[in-house]
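Q: I am new to this structure and would love a friendly close look at one part of it. Please start at the beginning of the chain and follow the strands from there.

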Amino acid sequence: MTLILGSGSPRRLELLAQIGVVPDDIRPPDIDETPRKAELPRPYCARMAREKVAAVPCGDDDIVLCADTTVALGRRILGKPADAAEAETFLRMMSGRRHKVITAVAVKRGGRLWERDVQSAVRMKSLSDAEIAAYLATGDWRGKAGGYGIQGPAGALVPWISGSFTGIVGLPLAETANLLTAAGHPPLKGSA
Ligand SMILES: Cc1cn([C@H]2C[C@H](O)[C@@H](COP(=O)(O)OP(=O)(O)OP(=O)(O)O)O2)c(=O)[nH]c1=O
């Protein structure tokens with residue numbers, strides 16, 4: 001049995017390693033991540049994970065794991081910023097407010113699909129112009145939903161979360177472990 005991580009995100013690979021799971025192959029999916037008109041963040045995120053898993057080429061008995069992380073400000077979806085100006089816009093929108101981070105995970109094996117999404121709440125402190133400029137200068141916003149990564153320098157900007165830290169970073173580990181177990185690839189097996 002082959003485990004395929006359908007993700008180009010280095011975070012997801014590291015998070016899997018944390019629970020002793022090392023994929024046999026990595027095949028990042030290439031899908032259109034444009035939200036549909038009036039699509040809400042949670043169904044959008046679940047759809048992205050499903051479409052990613054469907055887009056990864058695999059054999060009949062292979063297990064494919066994909067995920068999507070979406071930042072939601074109310075009904076609004078904040079994707080990966082195209083440039084520093086968009087990252088700045090997102091940071092100003094989130095400053096001093098709570099937002100949600102949803103990560104949907106999809107696991108496929110043969111004709112079967114297991115799915116789960118996890119929602120967390122994140123509060124960002126009120127950001128000064130200097131803090132925003134300093135954070136943008138780190139470049140750490142690149143390739144991250146909402147334009148920040150809680151596991152990096154932006155940790156200094158987040159005084160409070162409720163939910164799953166690993167979910168915010170890109171792969172909720174407890175739920176992912178359950179999905180992998182259901183698909184016949186339990187983590188931690190033999191490592192106790
Ligand atoms: C909110 C937040 C997001 N992120 C990252 C996780 C995801 O990699 C990224 C959201 O983009 P995704 O589309 O979920 O994933 P990706 O494009 O990086 O990789 P792939 O589709 O190939 O799996 O944002 C953090 O690393 N830290 C955070 O605090």
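A: Let's settle one term before we set off: strands here are DSSP runs of at least two residues, helices are DSSP runs of at least four, and both are numbered from the N terminus. Please also keep in mind that this is a predicted model.

With that in hand, find Met1, which sits in the segment before β1 (3-5). Met1 has 52% relative accessibility, and because exposed means over 50%, Met1 counts as exposed. Even so, Met1 has company from elsewhere in the chain: setting aside neighbours within four places in sequence, Met1 is in contact with Asp24, Asp61, Ile63, Arg109, Gly184 and His185. For a sense of scale, Met1 and Trp141 are 36 Å apart, C-alpha to C-alpha, with their positions 140 residues apart in sequence.

Two of those contacts, Ile63 and Arg109, lead us to the strands. Ile63 belongs to β3, which covers 63-73, and Arg109 belongs to β5, which covers residues 98-109. β3 and β5 pair in the antiparallel sense over ten bridges. You can pick out one of these by finding Val71, whose bridge partner in β5 is Val101.

Now turn to the other pairing of β5. Strand β6 (residues 112-123) pairs with β5 over twelve bridges, again in the antiparallel sense. Here Lys100 has Ala121 as its bridge partner in β6. The hairpin that β5 and β6 form has two residues between the strands, and Gly110 in this hairpin takes a positive phi near 60 degrees. Ten of the twelve residues of β5 are buried, so this strand is largely enclosed by the rest of the structure.

β6 has a further pairing, with β7 (residues 160-162), antiparallel and over three bridges. There, Arg123 finds its bridge partner in Trp160 of β7.

What lies packed around these strands? The largest nonpolar core has 42 residues, and Leu91, Met94, Met124, Tyr148 and Leu171 touch the most other members. Met94 is a good one to click on: beyond four places in sequence, its contacts are Val71, Leu73, Leu78, His99, Met124, Gly146 and Tyr148. Notice Val71 in that list, the residue that bridges to Val101. Such grouping fits a wider pattern: in soluble globular proteins, nonpolar side chains tend to be buried together.

β3 also takes us to the largest pocket, since four residues of its lining come from β3, the largest share. The pocket holds about 640 Å³ of space. Its lining counts 34 residues, and those nearest the centre are Arg12, Lys52, Thr69, Lys80 and Gly143. By type, the lining has 15 nonpolar, eleven polar and eight charged residues. Other elements that supply at least two lining residues each include α1 (10-18), α2 (41-55) and α5 (165-169).

One last stop is Ala38, in the loop between β2 (25-26) and α2. Ala38 has a positive phi of about 65 degrees although it is not a glycine. Most residues other than glycine have a negative phi. With 70% relative accessibility, Ala38 counts as exposed.

Terms used: Residues are numbered from 1 along each chain as its sequence is written. This is a predicted model: local features need pLDDT of at least 70, side-chain atom pairs count only at pLDDT 80 or more; totals for chains, interfaces and linings use all residues. Side-chain values use heavy atoms; hydrogens and water are left out. A nonpolar core is a set of buried Ala, Val, Leu, Ile, Met, Phe, Trp, Tyr and Cys residues joined through side-chain atoms within 4.5 Å. Buried means under 20% relative accessible area, exposed over 50%, partly exposed in between (1.4 Å probe, protein chains only). Contact means heavy atoms within 4.5 Å. Two strands pair if DSSP finds at least two bridges between them. On a 1 Å grid over the protein atoms alone, a cavity is a set of points where a 1.4 Å probe fits but cannot get out, and a pocket is an open set with protein on both sides within 12 Å along at least five of seven lines; lining residues have an atom within 4 Å of a point. Grid points are joined across faces, edges and corners, and a volume is the space filled by probe spheres set on the points. Ala, Val, Leu, Ile, Met, Phe, Trp, Tyr, Cys and Pro count as nonpolar, Asp, Glu, Lys and Arg as charged, and the others, Gly among them, as polar.
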